Amino acid sequence: MDYSKFFDRFYREDKSHNNKKSGFGIGLSMARDLVHTFKGKIKVEYHGDMISFIISLKTLK
């Protein structure tokens with residue numbers, strides 16, 4: 001699985017774009033843009049059969 005493309009708009013690992021296949025739509029792209037707007041970081045990790053998205057935001061002073 002190519003994690004570097006998870007945040008690309010409409011990314012699907014399967015190139016067939018069959019509607020029965022799941023994809024990430026624009027949700028992760030929007031999440032990335034929102035997190036970056038607030039000077040944060042977002043990343044994806046894969047452990048076993050679980051995909052995790054980790055978001056780090058700076059605290060306001």
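# Briefing: a chain with the order α-β-β

Lys 39 sits in the loop that links α1 (27–37) to β1 (41–47). The model is a predicted one. The chain has 1 helix and 2 strands, and read from the N terminus these elements come in the order α-β-β. The points below take the chain as a whole, then the helix, the strands, the loop, the surface patch and the salt bridges.

**The chain as a whole**

- The chain has 61 residues, and 15% of them count as buried.
- Its accessible surface is about 5200 Å². Carbon and sulfur atoms hold 56% of that surface.
- Among the contacts in the chain with a separation of 6 or more, 21% are between residues 24 or more positions apart.

**Helix α1**

- The buried residues Leu 28, Ser 29 and Val 35 are found in α1. They lie on the same side of α1, because the arc they cover around the axis is only 130 degrees.
- An α-helix has 3.6 residues a turn, so residues three or four places apart point the same way.
- The buried residues of α1 pack against both β1 and β2.
- On the face of α1 turned away from the buried side are Leu 34 and Thr 37, which are exposed.
- Ser 29 is part of helix α1. Ser 29 counts as buried because its relative accessible area is 3%, and the cut-off for buried is under 20%.
- Ser 29 and Phe 6 are 23 residues apart along the chain, and their C-alpha atoms are separated by 8.1 Å.

**Strands β1 and β2**

- β1 pairs with strand β2 (residues 50–56) in the antiparallel sense, over 7 bridges.
- The two strands, β1 and β2, make a hairpin with 2 residues between them. In the turn, Gly 48 has a positive phi of about 65 degrees.
- Lys 43 has Ile 54 of β2 as its bridge partner.
- Ile 42 belongs to strand β1. With a relative accessible area of 15%, Ile 42 is buried.
- Leaving aside neighbours within four places in sequence, Ile 42 is in contact with Phe 7, Ala 31, Arg 32, Val 35, Ile 54 and Ile 55.
- One of these contacts, Ala 31, is 11 residues from Ile 42 in sequence. The C-alpha atoms of Ile 42 and Ala 31 are 8.3 Å apart in space.
- Another of the contacts of Ile 42 is Val 35, which is one of the buried residues of α1.

**The loop between α1 and β1**

- Lys 39 follows α1 and has a positive phi, near 60 degrees. Lys 39 has this positive phi although it is not a glycine.
- The relative accessibility of Lys 39 is 61%, so Lys 39 counts as exposed.
- Phe 38 also lies in the loop between α1 and β1. Phe 38 counts as exposed because its relative accessibility is 56%, and the cut-off for exposed is over 50%.

**A nonpolar patch on the surface**

- Leu 34, Phe 38, Ile 55 and Leu 57 form a nonpolar patch on the surface. Together these residues have about 440 Å² of accessible area.
- The members of the patch come from several parts of the chain: Leu 34 is on the face of α1 turned away from its buried side, and Phe 38 is in the loop between α1 and β1.
- Ile 55, which is in the patch, is also in contact with the β1 residue Ile 42.

**Salt bridges**

- The whole structure has 2 salt bridges.
- One of them joins the side chains of Asp 33 and Arg 32, at 3.3 Å from N to O. Asp 33 is partly exposed, at 40% relative accessibility. Arg 32 is partly exposed as well, at 24% relative accessibility.
- Glu 45 and Lys 43 also form a salt bridge, with the closest N and O atoms 3.3 Å apart. Glu 45 has a relative accessible area of 27% and is partly exposed. For Lys 43 the relative accessible area is 44%, so Lys 43 is partly exposed.
- Two of these residues come up in the strand section too: Arg 32 is in contact with Ile 42, and Lys 43 is the bridge partner of Ile 54.

Methods:
Residues are numbered from 1 along each chain as its sequence is written. This is a predicted model: local features need pLDDT of at least 70, side-chain atom pairs count only at pLDDT 80 or more; totals for chains, interfaces and linings use all residues. Side-chain values use heavy atoms; hydrogens and water are left out. Helices (H or I, at least four residues) and strands (E, at least two) are DSSP runs, numbered from the N terminus. Buried means under 20% relative accessible area, exposed over 50%, partly exposed in between (1.4 Å probe, protein chains only). Contact means heavy atoms within 4.5 Å. Accessible areas come from the Shrake-Rupley method with a 1.4 Å probe; for residues, only the protein chains shown count as cover. A salt bridge is a side-chain nitrogen of Lys or Arg within 4 Å of a carboxyl oxygen of Asp or Glu. Patches are made of residues with over 30% relative accessible area and no salt bridge: like charges are joined within 9 Å, nonpolar side chains (Val, Leu, Ile, Met, Phe, Trp, Tyr) within 5 Å. Two strands pair if DSSP finds at least two bridges between them. The arc is that of the directions from the helix axis to the C-beta atoms.
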